[in-house]
Amino acid sequence: MASFNTKFDNQYSYSLAMKYQLSPNSNFRTEITSTNRTPNFDELYTYFVDTNHNIQGNENLLPEKGYSSSVYWNQKFKFKDNCKGEITLSTLYINLKDKIELATVNIQPLEYKYLNVDKFKRWGIQFNSNLKIHNLHFNLNASYFGVSRTLEDNIKGIHIARPDNDYLYTFHLNSNVNYTSKKWKRIFICVKF
């Protein structure tokens, strides 16, 4: 079974989604969406300056423009009455122009200001799994994400540029085990990396 959804609000906003049921226990989804956002009040007009802080808004901020896409797959399985589990695999890609971020514009004294990042890209993949055997629950989650920023601007007369496609990656792994007992309620063991 497949379903499609499309939504066009105006010439700058859209969403296209597809969901397909591969089997009674397996789903596949994909989505492409515009990710436009205007600056909020704080980003435009914040002025928080004292002896310990210097955070300033920026009235010249441009709206963020871009799109995001994602793909998602989920599989549930059952071995016996007391043994079942689930696996999920998903990926995400975001591409923005003029992303709004709070940036350090001076090191000494420390100053922050909201700026438009010329190009911002983020992509990654995530894996989630869980298994339940009687009263014992196992979870394992892993993710690998990369972020790329390109800022070409003059801050206090200094030209700042970062090359395209310079991704910085992070990997996260966590797992937990818990046992449910009527007498002790629940016991947890967690491991994170």
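Reader: How many helices and strands make up the secondary structure of the protein?

Author: This is a predicted model. From the N terminus on, its elements run β-β-β-α-β-β-β-β-β-β-β-β-β-β. The secondary structure therefore comes to one helix and 13 strands, each strand being a DSSP run of at least two residues.

Reader: What percentage of the residues of the protein count as buried?

Author: Buried means under 20% relative accessible area. The protein has 193 residues, and the part of them that counts as buried is 25%.

Reader: What area does the protein expose, and what share of it do carbon and sulfur atoms supply?

Author: The exposed area of the protein is about 13500 Å². Of this area, the share supplied by carbon and sulfur atoms is 56%.

Reader: Which residues form the nonpolar patch on the surface?

Author: One member of the patch, Leu-89, has its place in strand 7. Because its relative accessibility is 36%, Leu-89 counts as partly exposed, and a patch takes residues with over 30% relative accessible area. Together the members have about 460 Å² of accessible area, and they are Leu-89, Ile-125, Tyr-144, Tyr-169 and Phe-171.

Reader: Which residues form the positive surface patch?

Author: Strand 7, residues 83–106, also holds a member of this patch, Lys-84. Lys-84 counts as partly exposed because its relative accessibility is 44%. The positive surface patch is formed by Lys-76, Lys-78, Lys-84 and Lys-132.

Reader: Is Asp-98 buried or exposed?

Author: Asp-98 is found in strand 7. Its phi is near 65°, a positive value in a residue other than glycine. The relative accessible area of Asp-98 is 6%, and the cut-off for buried is under 20%. Asp-98 is therefore buried.

Reader: Where does His-134 lie, and what is its phi?

Author: His-134 lies in the loop between strand 8 and strand 9, the latter spanning 136–150. As a residue other than glycine, His-134 has a positive phi, near 55°.

Reader: Which peptide bond is cis, with omega near -5°?

Author: The second residue of this bond, Pro-109, lies in the loop between strand 7 and strand 8, where strand 8 covers 111–133. With omega near -5°, the cis peptide bond is the one from Gln-108 to Pro-109.

Reader: Among contacts between residues at least 6 apart in sequence, what percentage join residues at least 24 apart?

Author: Contact means heavy atoms within 4.5 Å. Among contacts in the protein between residues at least 6 apart in sequence, the part joining residues at least 24 apart is 50%.

Note on methods. Residues numbered from 1 in each chain as written. Predicted model: local features only at pLDDT ≥ 70, side-chain atom pairs only at ≥ 80, totals over all residues. Heavy atoms only, no water. Patch = residues over 30% accessible without salt bridge, like charges linked within 9 Å, V, L, I, M, F, W, Y side chains within 5 Å. Areas by Shrake-Rupley, 256 points an atom, 1.4 Å probe, with all protein chains shown as cover. Salt bridge = Lys/Arg side-chain N within 4 Å of Asp/Glu carboxyl O. Lys, Arg positive; Asp, Glu negative; His and termini not counted. Charge placed at Lys NZ, Arg CZ, Asp CG, Glu CD. Helix = DSSP H or I, 4+ residues; strand = E, 2+ residues; numbered from the N terminus. Buried < 20%, exposed > 50% of the residue type's maximum accessible area, 1.4 Å probe, protein only.
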